[in-house]
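Work through the exercises below with the sequence and the coordinates at hand. Try each task before reading its solution.

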Amino acid sequence: MVGTRNKTLIKDELIRYISSFGLDVKTFTKARGNRGFFKEGRIDVSKTLDDTSAVKTLVHEFAHYVHYNLDKKLKDLTILFGEDNEVIRDELLAVTMYVDENALCKKLTAEREKLKTGIKALADNIKMTYPKFSLSERFKEFRSYSRWSDLRYLEKYDRVKVQSWNTSKVYSVSAVRADFPDIPEVFVDYLKLKSKQRKRAKISRRINKLSKYYNEPCELFARFVEGVYLDIEKTKELAPTCYEKFVELYNKNHYPGLREVFSIIRIII
């Protein structure tokens, strides 16, 4: 990665070059809450980024533009590397995880594991009173206890507003003892367990969504190009097959405009 050149000058030079393709490069927006984004005819870079991060983002978004020129659907890895197979995808994902640690979902995975441990502890507590309790089956004893009470709503929701005639009442799992003073402790544990299960499911959906995003061909290629910019030797180490195929096509000027961008950021292939 370039080290001593002034990042402001690099950023400005990149913007001028990218703009020469007819792209509208905007650096004074929130970039839809992201670091940046590419859309046909436009590249946005978040105004919150410093020049170093802005250069990295410009490289990433221009890689999307390169891909778009080769494949309008941004779905084809074969057109980018000459083939698409497990080796190619595994190497690209390795570079992605190096370039963007968020791809590892460390915090989300740790939180999910913490919830899993909490669920097991609560289930064990419940089994001390109801040995046949199972996470995969309905808890009939709770259903029987709460059948005619607003308590039953907390089995499905952490917080719920119940309306009756001209009155309404808000209940929550966190305040269940105050709202239902006579509730047995085992049923409090059960509601806490159900709440943790909902939170774990939400985190799992988030992880799956992120995994799908990071495995999209357009994102794999953009982060590979980022990797070449950040540390070319590390990228070679992580993705030797991809790098070899990339260099072969690069030397044939296969990637529109990328050679000039690499020249601006002083990357020699």
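The exercises cover strands, helix packing, cysteines and single residues.

The model is predicted, so local features are given only at pLDDT of at least 70 and side-chain atom pairs only at pLDDT 80 or more, while totals for chains, interfaces and linings use all residues. Residues are numbered from 1 along each chain as its sequence is written, and side-chain values use heavy atoms, with hydrogens and water left out.

**Exercise 1. The open sheet**

Determine the order of the 3 strands in the open sheet and state which of them stand at the edges.

Solution. Start with the assignment: helices (H or I, at least four residues) and strands (E, at least two) are DSSP runs, numbered from the N terminus. Two strands pair if DSSP finds at least two bridges between them.

Step 1. The order is β1-β3-β2, and the pairing is mixed.

Step 2. β1 (24–29) and β2 (36–39) each have a single partner strand, so they stand at the edges and one side of each lacks a neighbour in the sheet. From one strand to the next the twist averages 15°.

Step 3. β2 and β3 (residues 42–46) run antiparallel and are joined by 4 bridges. Within this pair, Gly36 has Val45 of β3 as its bridge partner.

Step 4. The loop between β1 and β2 contains Arg32. Phi of Arg32 is positive, near 55°, and the residue is not a glycine. Arg32 counts as exposed, at 57% relative accessibility (buried means under 20% relative accessible area, exposed over 50%, partly exposed in between, with a 1.4 Å probe and protein chains only).

**Exercise 2. The hairpin**

Describe the pairing of β4 and β5 and find the residue with positive phi in their hairpin.

Solution. Step 1. Strand β4 (residues 159–164) and strand β5 (residues 167–172) run antiparallel, with 6 bridges between them.

Step 2. Gln163 stands opposite Ser168, which belongs to β5.

Step 3. The hairpin has 2 residues between the strands, and Trp165 takes a positive phi near 55° there.

**Exercise 3. Two helix pairs**

Classify the packing of α5 with α8 and that of α2 with α9.

Solution. Two packed helices are described by the angle between their axes and the distance between the axes. Axes are lines fitted to C-alpha atoms, for helices over the stretch in contact, and angles run from 0 to 180 degrees between N-to-C directions. Angles under 35 degrees count as roughly parallel, over 145 as roughly antiparallel, 65 to 115 as roughly perpendicular and the rest as oblique.

Step 1. α5 (residues 106–129) and α8 (residues 185–214) pack at about 155°, and their axes are 9 Å apart. This makes α5 roughly antiparallel to α8.

Step 2. The crossing of α5 and α8 is left-handed (the near helix is turned anticlockwise from the far one by less than a right angle; clockwise would be right-handed). Their contact has 12 nonpolar, 6 polar and 9 charged residues. For these classes, Ala, Val, Leu, Ile, Met, Phe, Trp, Tyr, Cys and Pro count as nonpolar, Asp, Glu, Lys and Arg as charged, and the others, Gly among them, as polar.

Step 3. Helix α5 includes Leu115, which is buried with a relative accessible area of 6%. The C-alpha atoms of Leu115 and Lys199 are 7.8 Å apart, although the two residues are 84 apart in sequence.

Step 4. The axes of α2 (residues 51–70) and α9 (residues 217–230) come within 8 Å and cross at roughly 135°. α2 and α9 are therefore oblique to each other, and their crossing is right-handed.

**Exercise 4. Cysteines**

How many disulfides does the structure hold, and why is Cys105 without a bond to Cys218?

Solution. Step 1. A disulfide is a pair of cysteine sulfur atoms within 2.5 Å. The structure holds 0 disulfides.

Step 2. The closest cysteine sulfur to that of Cys105 is in Cys218, 17 Å away, which is too far for a bond. For Cys218 the nearest cysteine sulfur is that of Cys242, at 15 Å.

Step 3. Cys105 is buried, at 8% relative accessible area. Cys218 is buried too, at 10%.

**Exercise 5. Two further residues**

Decide for Ser146 and for Asn253 whether the residue is buried or exposed.

Solution. Step 1. Ser146 is in helix α6 (residues 140–146) and is buried, with a relative accessible area of 1%. Its C-alpha atom is separated by 9.4 Å from that of Ile183, 37 residues apart along the chain.

Step 2. Asn253 lies in the loop between α11 (240–250) and α12 (258–264). At 55% relative accessibility Asn253 counts as exposed, and it has a positive phi of about 55° although it is not a glycine.
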